[in-house]
Amino acid sequence: MPRASHKAAAWLVLTSLFLPSFPALAQPEAEAPQVVQTRDSARASPVQLAHTPPPSPFREDLESYRIEYRVRAGSAQAESVTIESHSPTGETLDVLRAVTSSAACAAEGVASCFVSEPFRLVIDAVDKQHPLLEGHALIARAGGRLRVLRGEQELLTVPVAGGGPLAQADLRLHVFRVTEGGALSLMQPASVLGREIDRANAIWGACGISFDQPEKRLTVHDPPAPFMLSVGCELPAPALGGTFSFRVDGRELSVPVAPGSSPRSAARWVAAALTKAGFVPSLIDNPRPQGMSLGSTDLVVRTKQGKLAKLSAAPTHPLSSDPALSLCVPEVDLSNGLRHFNDADSLVGTMEERLLVRSVEDGDPTTIEVLVIPAFRGEARIGESFIGLEHGAIRNVLIQDRAAFRVGNASFTLAHELGHILLDQPGHTDDFGLDTPTFLMDADAVLAGAFGPRRLTPQECERAHQQGRATEGSGLLRAR
Ligand SMILES: [Zn+2]
């Protein structure tokens, strides 16, 4: 009996726990395919990506689906359907051929009812190819759709959702050269970053969140020349009295520092001297590093035309003659690794980090800046993020080095660091609870494969959406 000649209606169900009763749903005269609301209405249509690693052994659970449909004629015991998964832009992402077997079917005028094996929607080929999921997984993307075909006949299309509304965050990508005019931190940055963003899209797709693509916003930079002064440097203390001396665009300036001045007030005297000399300084008061009673103040110096000025020490005088309060001209040297923050100065960043970030910062709170550098100093770090916590000196910025791209599928550095920013959360899931190495936000998990750090919980999805839209028009997420 040719299958295509039979009309069928189809619907999706979750698990046998929630199988809808057939008599109530059977409407043989209804020709159109339908998605039936199951009793678990939250998990009816649309379908969602799975949030958990493959169950072992594979079994039907709340993250799996079945296709059910009924036919008016025919007596086959088993047949099959094709489930196609399409991306939001319509490309075919994956195809699953699912065997369906005849099921109890009490509706009048219906010859047979068929039900497929359970399957789940997964984020990528790593999940799909896991032996536990063999024949039970289909790669899908939030915003895409599933199309179910019985032979040539389309039984059903159903949208794929993420854990939350579809939203997008805008990344601005900055790749630094190791030295002025020298080699890039990353060869073929557009394609390497493109793959890293694809991985982040797959993981965050479980929350309905995606990131834009690199060709749109990728810029290459030389390491910045010094354009900033830091009053107090890394040990901010009250002045005992002395003089600050420095050169700005070739001019030498001296500023007396009164005893008892805090870094903040001394910085304002420096700003006044710079303004008098025809420059345009911007003052940034940094938060206090942990364990210190005062914070430092940075001055970014521009010309009247808006160009960053060039700063250096004066040839004959020390930067600060004050025995307690220091003045620094921070420099970036990427050839020996970026000096990175530790726990005590994580809100402030190091002077080198602040100079690097300020050289590309756009002041736009709705974008995330991604900086790519050759390496951090020392071996341990491959990525770090500065989040929008109330008093942070730098916000919505993440820095990633070349090694992070090599780790790739094992640690998902970009997706993880984006997690700190989107969740507005410096901590890790294992700081307070059990070590769960399958969570993206676990601190130390490095493992390739389906049990690696690649899962976001529904609670994290909810938090990211809440944070991302906290202030209308100034949040990191916009509707897609
Ligand atoms: Zn982290």
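**Briefing: metal site, ring contacts and salt bridges**

Arginine 381 sits over the face of phenylalanine 341, at 4.7 Å from the ring centre. The model is predicted. A zinc ion is held by three named histidine donors: His416, His420 and His428. The ring search gives 3 aromatic pairs. Across the whole structure there are 22 salt bridges.

**Zinc site**

- The zinc ion takes its protein donors from His416 (NE2), His420 (NE2) and His428 (NE2), at 2.0 to 2.1 Å.
- The spacing of these donor residues along the sequence is H-x3-H-x7-H.
- Histidine 416 belongs to helix α8 (residues 413-423), while histidine 428 belongs to the loop between α8 and α9 (429-432). These two residues are 12 apart in sequence, so the pair ties together separate parts of the chain.
- Histidine 416 has a relative accessible area of 9%. That value is under 20%, so the residue is buried.

**Aromatic pairs**

- Among the 3 aromatic pairs is a tilted one between tyrosine 65 and phenylalanine 119. Its ring centres are 6.5 Å apart, with 45° between the planes.
- This pair links distant parts of the chain, 54 residues apart. Tyrosine 65 is in strand β3 (residues 64-71), and phenylalanine 119 is in strand β7 (residues 119-122).
- Tyrosine 65 is buried at 2% relative accessibility. Phenylalanine 119 is buried too, with a relative accessible area of 1%.
- Another pair joins phenylalanine 341 and phenylalanine 386. The centres lie 5.3 Å apart and the planes meet at 70°, so this pair is edge-to-face. The angle cut-off for that class is over 60 degrees.
- Phenylalanine 341 lies in the loop between β20 (327-328) and α6 (351-358). Phenylalanine 386 lies in strand β22 (residues 383-386). The two are 45 residues apart, and their pair links distant parts of the chain.
- Both phenylalanine 341 and phenylalanine 386 are buried. Phenylalanine 341 also carries the arginine 381 contact over its face.

**Salt bridges**

- Side chains of opposite charge can pair when their charged atoms come close.
- Aspartate 61 bridges to arginine 120, with the closest N and O atoms 3.0 Å apart.
- Aspartate 61 is in the loop between β2 (47-48) and β3, and arginine 120 is in strand β7, so the bridge ties together parts 59 residues apart in sequence. Arginine 120 is buried, with a relative accessible area of 1%.
- Strand β7 thus appears in two of these contacts, through phenylalanine 119 and through arginine 120.
- Glutamate 84 and arginine 147 form a salt bridge at 3.2 Å, N to O. This pair links strand β4 (residues 78-86) to strand β9 (residues 145-150), across 63 residues.
- Glutamate 84 is buried, at a relative accessible area of 16%, whereas arginine 147 is partly exposed at 29%.
- Aspartate 285 and arginine 268 meet in a salt bridge at 2.8 Å, N to O. Aspartate 285 is in strand β17 (residues 280-285) and arginine 268 is in helix α5 (residues 263-276), so the pair ties together parts 17 residues apart in sequence.
- Aspartate 285 is partly exposed, with a relative accessible area of 27%. Arginine 268 is also partly exposed, at 37% relative accessibility.
- Asp124, Asp127, Arg454 and Arg455 are joined into one network by salt bridges that share partners.

Methods:
Residues numbered from 1 in each chain as written. Predicted model: local features only at pLDDT ≥ 70, side-chain atom pairs only at ≥ 80, totals over all residues. Heavy atoms only, no water. Donors = N, O, S within 2.8 Å, 3.2 Å for Na, K, Ca; no water. Helix = DSSP H or I, 4+ residues; strand = E, 2+ residues; numbered from the N terminus. Buried < 20%, exposed > 50% of the residue type's maximum accessible area, 1.4 Å probe, protein only. Phe/Tyr/Trp six-rings, centres within 6.5 Å; stacked < 30°, edge-to-face > 60°. Lys NZ or Arg CZ within 6 Å of the ring centre and 35° of its normal. Salt bridge = Lys/Arg side-chain N within 4 Å of Asp/Glu carboxyl O.
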